[in-house]
Amino acid sequence: MTLSVVIGRFQTPHLHEGHLELLNAAKRHSENVLVLIGVTAATGTDQNPLDYKTREVMLLCSGGLGAKAIVKPLYDSPLSNKDWSDSIDKIIADMGFEEATIFGGRDNSIEGYYT
């Protein structure tokens with residue numbers, strides 16, 4: 001089984017065409033889609049106006065994900081990119097997948113993803 005993993009913050013009031021294309025690319029790659037929403041301690045700020053739950057509901061209600069999609073939080077790791085990467089690996093492994101294809105937007109941190 002393959003897994004597509006979309007990593008993003010989705011800090012917008014609605015999903016735009018770029019978000020939808022990213023989600024569609026992940027769905028074309030695999031019927032198993034995991035969306036990891038970046039979560040920081042600071043919410044209600046100009047950079048992070050929306051809380052996790054609001055963004056989770058937006059993604060699940062958009063109709064673009066499909067019934068098999070799972071949405072989970074991905075907490076920031078102020079210590080290092082390696083800690084952040086390890087948390088992604090753990091989430092994927094806990095779901096029973098050994099490998100996954102990672103999808104992200106233009107302003108992502110995928111280059112910090114090691115394994």
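Reader: Let me start with a helix. What covers the buried residues of H3?

Author: Happy to start there. The cover over the buried residues of H3 includes E1, E2, E3 and strand E4 (101-104). Please keep in mind throughout that this is a predicted model. The residues concerned are Trp 84, Ser 85, Ile 88, Ile 91 and Ile 92, which are the buried residues of H3.

Reader: Where do those buried residues of H3 fall when seen down its axis?

Author: Viewed down the axis of H3, the buried residues fall within an arc of 120°, so they line one face of the helix. On the other side of H3 you will find Lys 90 and Asp 94, which are exposed.

Reader: How many residues does H3 have, and what span does it reach?

Author: For a helix, one can set the span from first to last C-alpha beside the expected one. H3 (residues 81-94) has 14 residues and reaches 20 Å, close to the 20 Å expected at 1.5 Å a residue. Its two ends are worth a look as well. At the start of H3, a side-chain oxygen of Ser 80 comes to within 3.4 Å of the backbone nitrogen of Lys 82. Just after H3, Gly 96 has a positive phi of about 95°.

Reader: Let us step back to the whole chain. Which pattern does it follow along the sequence?

Author: Read along the sequence, the pattern is β-α-β-α-β-α-β. The secondary structure comes to three helices and four strands. Of the 115 residues of the chain, 37% count as buried. Sequence separation adds another view: among the contacts with a separation of 6 or more, 73% are between residues 24 or more positions apart.

Reader: Which elements make a β-α-β unit with H1, and what is its handedness?

Author: Follow the path from one strand over the helix to the next strand. Here E1, helix H1 (residues 17-29) and E2 make a right-handed β-α-β unit.

Reader: In what sense do E1 and E2 pair, and over how many bridges?

Author: Strand E1 (residues 4-8) pairs with E2 in the parallel sense, over five bridges. To trace the pairing on screen, use the residues: Ile 7 has Leu 36 as its bridge partner in E2, and Gly 8 stands opposite Ile 37 in E2. E1 is also joined to E4 by four bridges, and these strands run parallel. There, Val 5 stands opposite Ile 102 in E4.

Reader: How many bridges join E2 to E3?

Author: Six bridges join E2 to strand E3 (residues 70-75), and the two run parallel. One pair to look for is Val 35 with its bridge partner in E3, Val 71.

Reader: Next, the strand faces. Which residues of E2 point one way and which the other?

Author: The general idea first: in a regular strand the side chains alternate between the two faces of the sheet. In E2, Val 33, Val 35, Ile 37 and Val 39 point one way, while Leu 34, Leu 36 and Gly 38 point the other way, and all are buried. That fits the count for strand E2 (residues 33-39), where seven of its seven residues are buried.

Reader: Are the faces of E1 covered or exposed?

Author: Both are covered: Ser 4, Val 6 and Gly 8 on one side, and Val 5 and Ile 7 on the other, are all buried. Five of the five residues of E1 are buried, so this strand is largely enclosed by the rest of the structure.

Reader: What does Ser 4 touch?

Author: Ser 4 is in strand E1 and is buried, with a relative accessible area of 0%. Leaving aside residues up to four places away in sequence, Ser 4 touches Ala 26, His 29, Ser 30, Asn 32, Val 33, Leu 34, Thr 101 and Phe 103.

Reader: And backbone angles? What is the phi of Phe 10?

Author: As a rule, most residues other than glycine have a negative phi. Phe 10 has a phi near 55°, a positive value in a residue other than glycine. Phe 10 lies in the loop between E1 and H1, and is buried, with a relative accessible area of 4%.

Reader: One last loop residue: is Asp 46 buried or exposed?

Author: Asp 46 is exposed, with a relative accessible area of 83%. This residue is found in the loop between E2 and helix H2 (52-61). Its C-alpha atom is separated by 9.8 Å from that of Gln 11, 35 residues apart along the chain.

Conventions. Residues numbered from 1 in each chain as written. Predicted model: local features only at pLDDT ≥ 70, side-chain atom pairs only at ≥ 80, totals over all residues. Heavy atoms only, no water. Buried < 20%, exposed > 50% of the residue type's maximum accessible area, 1.4 Å probe, protein only. Pairing = 2+ DSSP bridges. Right-handed = clockwise from strand over helix to strand, strands pointing away. Expected span 1.5 Å × (residues − 1). Arc of directions from axis to C-beta. Contact = heavy atoms within 4.5 Å. Polar contact = N/O pair within 3.5 Å; in protein donor to acceptor, adjacent residues only side chain to side chain.
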